[in-house]
Amino acid sequence: MDYKNAGVDIEAGYKSVELMKKHVMETMRPEVLTDIGGFSGAFSMSAFKDMKKPTLVSGTDGVGTKLKLAFVLDKHDTVGIDCVAMCVNDIACAGGEPLFFLDYIACGKNYPEKIASIVSGVAEGCKQSNAALIGGETAEMPGFYPENEYDLAGFAVGVVDEEKLITGKTIAAGDALIGIASSGVHSNGFSLVRKVFPMEFEKLNTHYESLGKTLGEALIEPTKIYVKALRCVKEAGVTVKGCSHITGGGFYENVPRMLHDGVNAVINKSSYEVPAIFKMLATDGNIEEQMMYNTYNMGIGMVLAVDKNDVTKTLEAVKSSGETSYVLGEIVAGDKGVTLK
C-alpha cells in the first residue's frame, strides 16, 4: 500500500504545478519576491511605501454552486475569474487596489490538465485586476469529494491610503446612484438557478434567441471585475462616497451596507434594461419580482454613490474603462435602506 493506492497521486500534483506555471507567470508584478512552488508568497511593500497611511484591505470568497454548472459543461477555464472577482470587487468597494491573490482548489482526483485550466481562469482574473497570483494550494481529497468534482476559493489583499477609504460616512441626501452593468448572474444564487433550470447537458446547450446564446453560455459567463472601472472613476477626480458590490442578497441586502443611518437609496427599476437571463429565470421559475431583487444583481453588479455634480464625469470614466453604467436613482433622507420603485 502507498499514497497513490490510497487515492492521492503526488506525481499528478507535480504535473499540475508545471502546467499552471505559464499562467501564473503572466500575473507577476515587480513587487513579487518569490517563485511559484515555495512554501509562501512574498510581496514587497514598495508598492505602497509613498502612501501617507497605507491600509491593507482583504477579501475572501469562493465560486459556490456555480461550479456544478462547470462540471456538467466540462468547462473549467472561467470559474477562476469568478473566484478572483468575488474577492477583488469587495476590495475595490473599499477604494482599494488589489495587490496579490492566492487560490485553493480541493478535488476528488487531481487531473493536471483540469487543474491547469482552472488556474488559467484564476490568472486571467488576476490580470484583469492587476493582482499577482503569488501562491495557492491544490488538495487531492479522495473519498471527500467525488472524483470529477472540486471546490475553488480564494483570498486577495489590496491597499488604500486611509484617507481614501470608501466608508459611506459622507453620503448625503441629493447624491446620485450610479450602477455599473453586470455580465449576467455572476456567482450568486446558483442553488436557485439549479432548481429552475435542469443541470443537464442537452438543456444547457440549447440556444435561445432571447439570450443570443445557449443557456449554459449565459449562465457560466464569468463575474465582471470592476477594479479598472473604479480606478478610472477615481482618476477622473470623482470622490466615490459609497460603493456596494451586488452579490448574494441582491439589492435589498447589499445596497444598505454602504449607507449610514438617516439616508435611503431610491432606485428606479426602469432606469436600465434587465438582462434576458433574469427575465427567463423569473418566468421559468415563477419567482416573484421582490425575490429576484433580493437574490440576484438583476444586471447591476456595482452601485456607486457620488455627488450629483459628478454624475457626468462618473459615467464617462466608467465608459472609458470599457464598462456600461446608468443613473439608477438618488439618496434621500429617511430610514436606512433601499427603495425600489
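Of the contacts in the protein chain with a separation of 6 or more, what share comes from residues 24 or more positions apart? Hold that thought for a second, everyone, and thanks for coming. What you see on the screen is a predicted model. And here is the figure: residues 24 or more positions apart account for 85% of those contacts.

Let's start with the whole chain. There are 12 helices and 12 strands in it. The C-alpha atoms occupy a box of roughly 70 × 55 × 30 Å along the principal axes. The radius of gyration is 21 Å, and a compact globule with 341 residues would be near 20 Å, so the two agree. As for burial, 52% of the 341 residues count as buried. The surface that remains exposed is about 15,700 Å², and carbon and sulfur atoms supply 50% of that area. For those of you who think about charge, the chain carries 33 positive and 44 negative side chains. The centres of those two sets lie 4 Å apart.

Now, the domains. UniProt, in an unreviewed entry, lists a "PurM-like N-terminal" domain at residues 55–160. In our model that stretch is 39% helix and 37% strand, and its end C-alpha atoms are 5 Å apart. The unreviewed entry in UniProt also gives a "PurM-like C-terminal" domain, at residues 173–337. Over those residues we have 34% helix and 22% strand, with the end C-alpha atoms 13 Å apart.

Let me take you to helix H2, residues 66–73. This helix is mostly covered, with six of its eight residues buried. The buried ones are Lys66, Leu67, Leu69, Ala70, Phe71 and Leu73. Yes, there is a lysine in that list! And what do the buried residues of H2 pack against? Their partners are helices H3 (79–93), H5 (190–196), H6 (201–204) and H7 (215–220), together with strand S4 (150–161). Just after H2 comes aspartate 74, with a positive phi near 55 degrees.

That brings me to backbone angles. Most residues other than glycine have a negative phi. Two more places are worth a look here. Asparagine 130 is not a glycine, yet its phi is positive, about 60 degrees. You'll find asparagine 130 in the loop between helix H4 (112–129) and strand S3 (132–140). Its relative accessible area is 42%, so asparagine 130 is partly exposed. Then there is methionine 298, also not a glycine, with a positive phi of about 55 degrees. Methionine 298 sits in the loop between helix H11 (289–293) and strand S10 (300–306). Is methionine 298 buried or exposed? With 6% relative accessibility, methionine 298 counts as buried, because the cut-off for buried is under 20%.

Next, let's go back to helix H3, which holds two residues I'd like to show you. One is asparagine 89, buried with a relative accessible area of 0%. Which residues does asparagine 89 contact, leaving aside neighbours within four places in sequence? They are Thr223, Lys224, Ile225, Tyr226, Val227, His245 and Met302. Val227 also turns up in helix H8 (residues 227–235), where it is buried along with Ala229, Leu230, Cys232 and Val233. After H8 comes glycine 237, with a positive phi near 90 degrees.

The other H3 residue is isoleucine 91, buried at 1% relative accessible area. Not counting residues up to four places away in sequence, isoleucine 91 touches Val57, Ser58, Gly59, Gly96, Glu97, Pro98, Ala156, Val157 and Gly158. If you'd like a ruler on the screen, the C-alpha atoms of isoleucine 91 and asparagine 294 are separated by 22 Å, and these residues are 203 apart along the chain.

Last stop: glycine 322, in the loop between helix H12 (311–320) and strand S11 (325–333). Glycine 322 is exposed, with a relative accessible area of 61%. From its C-alpha atom to that of alanine 106 is 34 Å, and the two residues are 216 apart along the chain.

So, one thing to take back to the bench: 85% of the contacts with a separation of 6 or more in this chain come from residues 24 or more positions apart. Thanks, and I'm happy to chat.

Definitions and conventions:
Residues are numbered from 1 along each chain as its sequence is written. This is a predicted model: local features need pLDDT of at least 70, side-chain atom pairs count only at pLDDT 80 or more; totals for chains, interfaces and linings use all residues. Side-chain values use heavy atoms; hydrogens and water are left out. UniProt positions are given in the numbering used here, feature names are shortened, and annotations may be inferred rather than shown by experiment. Helices (H or I, at least four residues) and strands (E, at least two) are DSSP runs, numbered from the N terminus. The radius of gyration is taken over C-alpha atoms; the globule rule is 2.2 Å times the number of residues to the power 0.38. Buried means under 20% relative accessible area, exposed over 50%, partly exposed in between (1.4 Å probe, protein chains only). Contact means heavy atoms within 4.5 Å. Accessible areas come from the Shrake-Rupley method with a 1.4 Å probe; for residues, only the protein chains shown count as cover. Lys and Arg count as positive and Asp and Glu as negative; His and the chain ends are not counted. The place of a charge is taken as NZ of Lys, CZ of Arg, CG of Asp or CD of Glu.
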